[in-house]
Amino acid sequence: MNAQRQARAVRLGPRSLTALVLVSAVGVAGFGWPFLAPPTSQLSAHAQDAPWLFAGLLVLLVAVVAAAISESGLGPKAVAMLGVLAATGAALRPIGAGTAGIEPMFFLMVLSGRVLGPGFGFVLGSVTMFASALLTGGVGPWLPFQMLAMGWFAMGAGLLPGPDRLRGRTELVLLAGYGFLAAFAYGTVMNMAGWPFMSALASNVAFDPQAAVPANLARFLAYCLATSLGWDLGRAVVTVVLTLTLGPAVLRALRRATRRAAFETPVTFDTSPTVRRPT
């Protein structure tokens, strides 16, 4: 039996794809500039200012990408779905705040990106992080980096193979494995965003603008091991457990809602005059 093609809430067009690639390239530079800029560059000379610069730039670029994706086909049905899922994710995030990486929001982002596609996943990840920051008071220079990283995280789930034919245990194992690795990847890139703020005089694992790339890479690995490994492991394990246990029910619910919403069917209005029958 042939699998039914899975509908997509957003179909990425050339303009939105271009915007997404550009913001991702700037994001890579914003996260990884300590390893891209030589010690003699002006950027390294302003190590304490560079994260603020990239944070401000990412705010604008993420907004541009969201607008471009919206223009490419984020209709009223998709907006309603986006609002429900973003509100749910924002409500889930504070549940385990401060407790060893217990963050149930991540598994919802994986499953939503898988069902609704990469374009919707990117917007959902970004909007959810923004909404949760407003809810918890977590607004700061790290927020644009969180929005971009979560957008990548949910978008990657939408790019996994077999969206139309892969089902059952095999799909759950694929999503659980992706969630496990992506949870560590998210923690690592967020470490990159905060690491340059540390003063090199404060710790031997802090970013040193005068050091060579291999030395800073060793410092960064030591920083990750010392500060976030336990948290990232907790996030990864929680994501795997929730995906394997609640995943089947959530996937069915999302796919049922997607079929009923009929995102790819244009909304039409009947403008024909109504004929009243005589009584």
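A salt bridge is taken here as a side-chain nitrogen of Lys or Arg within 4 Å of a carboxyl oxygen of Asp or Glu. In the predicted model, the side chains of Arg235 and Asp232 meet this criterion, with an N to O distance of 2.8 Å. Both residues belong to helix α10, where they stand 3 residues apart, about one turn of the helix. Arg235 has a relative accessible area of 5% and is therefore buried, the limit being under 20%. Asp232 is also at 5% relative accessibility, so this residue counts as buried by that limit.

Arg235 has a further partner. A salt bridge joins Arg235 to Glu103, and the closest N and O atoms of this pair are 3.0 Å apart. Here the contact connects distant parts of the chain, since Arg235 is in helix α10 and Glu103 is in the loop between α4 and α5, with 132 residues separating the two. Arg235 and Glu103 are both buried. Glu103, Asp232 and Arg235 are thus linked in a network of salt bridges.

Another salt bridge is formed by Arg114 and Glu171, whose closest N and O atoms are 2.9 Å apart. This pair likewise links distant parts of the chain: Arg114 lies in helix α5 and Glu171 in helix α8, 57 residues apart. Arg114 and Glu171 are both buried. The count of salt bridges in the model comes to 4. In general, side chains of opposite charge can pair when their charged atoms come close.

The fold that holds these pairs is built from helices. The protein chain contains 10 helices and 0 strands, and its pattern along the sequence is α-α-α-α-α-α-α-α-α-α. Of its 279 residues, 47% count as buried.

The largest nonpolar core comprises 55 residues, and those with the most contacts inside it are Phe31, Leu85, Met109, Phe120 and Met150. Two or more residues of this core are given by each of α1 (14–36), α4 (76–92), α5 (105–116), α6 (118–136), α7, α8, α9 (213–227) and α10 (229–261). The greatest contribution is that of α7, with 10 residues. Helices α5, α8 and α10, which contribute to this core, also carry salt-bridge residues: Arg114 is in α5 and Glu171 in α8, while Arg235 and Asp232 are in α10.

On the surface, Phe180, Leu181, Leu233, Val237 and Val241 make a nonpolar patch of about 420 Å². Helices α8 and α10 each supply at least two residues of the patch, and the largest share, 3 residues, comes from α10. One of the patch residues, Leu181, is located in helix α8. Leu181 has 60% relative accessibility and so counts as exposed, for which the limit is over 50%.

A positive surface patch is also present, formed by Arg167, Arg252, Arg256, Arg259 and Arg260. Within this group, Arg167 is placed in the loop between α7 (143–158) and α8 (168–194). The relative accessible area of Arg167 is 35%, which means that this residue is partly exposed, as the value falls between the limits for buried and exposed. Arg167, in the positive patch, thus differs in exposure class from Arg235, which is buried at 5%, since Arg167 is partly exposed at 35%.

Key:
Residues numbered from 1 in each chain as written. Predicted model: local features only at pLDDT ≥ 70, side-chain atom pairs only at ≥ 80, totals over all residues. Heavy atoms only, no water. Patch = residues over 30% accessible without salt bridge, like charges linked within 9 Å, V, L, I, M, F, W, Y side chains within 5 Å. Areas by Shrake-Rupley, 256 points an atom, 1.4 Å probe, with all protein chains shown as cover. Lys, Arg positive; Asp, Glu negative; His and termini not counted. Charge placed at Lys NZ, Arg CZ, Asp CG, Glu CD. Helix = DSSP H or I, 4+ residues; strand = E, 2+ residues; numbered from the N terminus. Buried < 20%, exposed > 50% of the residue type's maximum accessible area, 1.4 Å probe, protein only. Core = buried A, V, L, I, M, F, W, Y, C linked by side-chain atoms within 4.5 Å.
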